[in-house]
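Good morning, colleagues. I would ask you to look at the sequence and the structure together before I begin.

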Amino acid sequence: MGITMNQYVVLQVTLKEKLIGTASKNLKELEDVINAQAAKGYRLHHTITTASANSTGFGGGDRIQATMVFEKL
């Protein structure tokens, strides 16, 4: 699910809840991805988010997609 480019890894995570907050499952999902890359010796370098409203895919509803670029330490 990642693309390796020299010393960078790019990962995309689709968040299933519209809201991000302390009670959101999104934070745990993002934390897991970031911690997994940190354990491999990468640090979060850049984050890009995009939102799509009224998705008609599985489950429907709004989605947020986080694209994270990790840099090798």
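I shall go from the overall fold to the core, then to the salt bridges, and finally to some individual residues.

Please bear in mind throughout that this is a predicted model. The protein chain has 73 residues, of which 27% count as buried. It contains one helix and four strands. Read from the N terminus, the order of the elements is β-β-α-β-β. The chain exposes about 5,200 Å², and carbon and sulfur atoms supply 58% of that area. As to how the chain comes together, consider the contacts between residues at least 6 apart in sequence: 58% of these join residues at least 24 apart.

Let us turn to the core. Which residues make up the largest nonpolar core? There are 11 of them: Val9, Leu11, Val13, Leu15, Leu30, Val33, Tyr42, Ile64, Ala66, Met68 and Phe70. Three elements each supply at least two residues of this core, namely β2 (8-15), α1 (25-39) and β4 (61-72).

Methionine 68 is a useful member of that set to examine. It lies in strand β4, and at 2% relative accessibility methionine 68 counts as buried. Setting aside neighbours within four places in sequence, methionine 68 is in contact with Val9, Val10, Leu11, Val13, Leu30, Val33, Ile34, Leu44, His46 and Thr47. One of these partners, valine 33, is 35 residues away from methionine 68 in sequence, and the C-alpha to C-alpha separation of the two is 9.4 Å.

Glutamine 37 has its place in helix α1. Is glutamine 37 buried or exposed? Its relative accessible area is 7%, so glutamine 37 is buried, the cut-off being under 20%. With neighbours within four places in sequence left aside, glutamine 37 is in contact with Val9, Leu11, Tyr42 and Phe70. Those four names also appear in the list of the largest nonpolar core.

I come now to the charged pairs. The count of salt bridges comes to two. In one of them, the side chains of lysine 28 and aspartate 32 meet at 2.9 Å, N to O. Why can these two be described as about one helical turn apart? Because lysine 28 and aspartate 32 are four residues apart in helix α1, about one helical turn separates them. Lysine 28 is partly exposed, with a relative accessible area of 48%. Aspartate 32 is also partly exposed, with a value of 37%.

The other salt bridge joins the side chains of arginine 43 and glutamate 71, again at 2.9 Å, N to O. This pair links distant parts of the chain: arginine 43 is in strand β3 (residues 42-55) and glutamate 71 is in strand β4, 28 residues apart. Arginine 43 counts as partly exposed, at 46% relative accessibility, whereas glutamate 71 is buried, with a relative accessible area of 13%.

Two further residues complete the picture, beginning with threonine 67. This residue is found in strand β4. At 14% relative accessibility, threonine 67 counts as buried. What joins the side chains of threonine 67 and glutamine 12? A polar contact of 3.2 Å does so. Apart from its neighbours within four places in sequence, threonine 67 is in contact with Val10, Leu11, Gln12, His46, Thr47 and Ile48.

Alanine 51, in contrast, is exposed, with a relative accessible area of 70%. Its place is in strand β3. Which residues does alanine 51 touch, not counting those up to four places away in sequence? They are Arg63 and Ile64. Alanine 51 and isoleucine 64 are 13 residues apart in sequence, with their C-alpha atoms 4.4 Å apart in space. Isoleucine 64 is, as you will recall, one of the residues of the largest nonpolar core.

Let me close with a brief recapitulation. The model is predicted, and its elements run β-β-α-β-β. Its largest nonpolar core has 11 residues, with β2, α1 and β4 each supplying at least two. Of the two salt bridges, one is between lysine 28 and aspartate 32, and the other is between arginine 43 and glutamate 71. Thank you for your attention.

Technical notes:
Residues numbered from 1 in each chain as written. Predicted model: local features only at pLDDT ≥ 70, side-chain atom pairs only at ≥ 80, totals over all residues. Heavy atoms only, no water. Buried < 20%, exposed > 50% of the residue type's maximum accessible area, 1.4 Å probe, protein only. Contact = heavy atoms within 4.5 Å. Areas by Shrake-Rupley, 256 points an atom, 1.4 Å probe, with all protein chains shown as cover. Core = buried A, V, L, I, M, F, W, Y, C linked by side-chain atoms within 4.5 Å. Salt bridge = Lys/Arg side-chain N within 4 Å of Asp/Glu carboxyl O. Polar contact = N/O pair within 3.5 Å; in protein donor to acceptor, adjacent residues only side chain to side chain.
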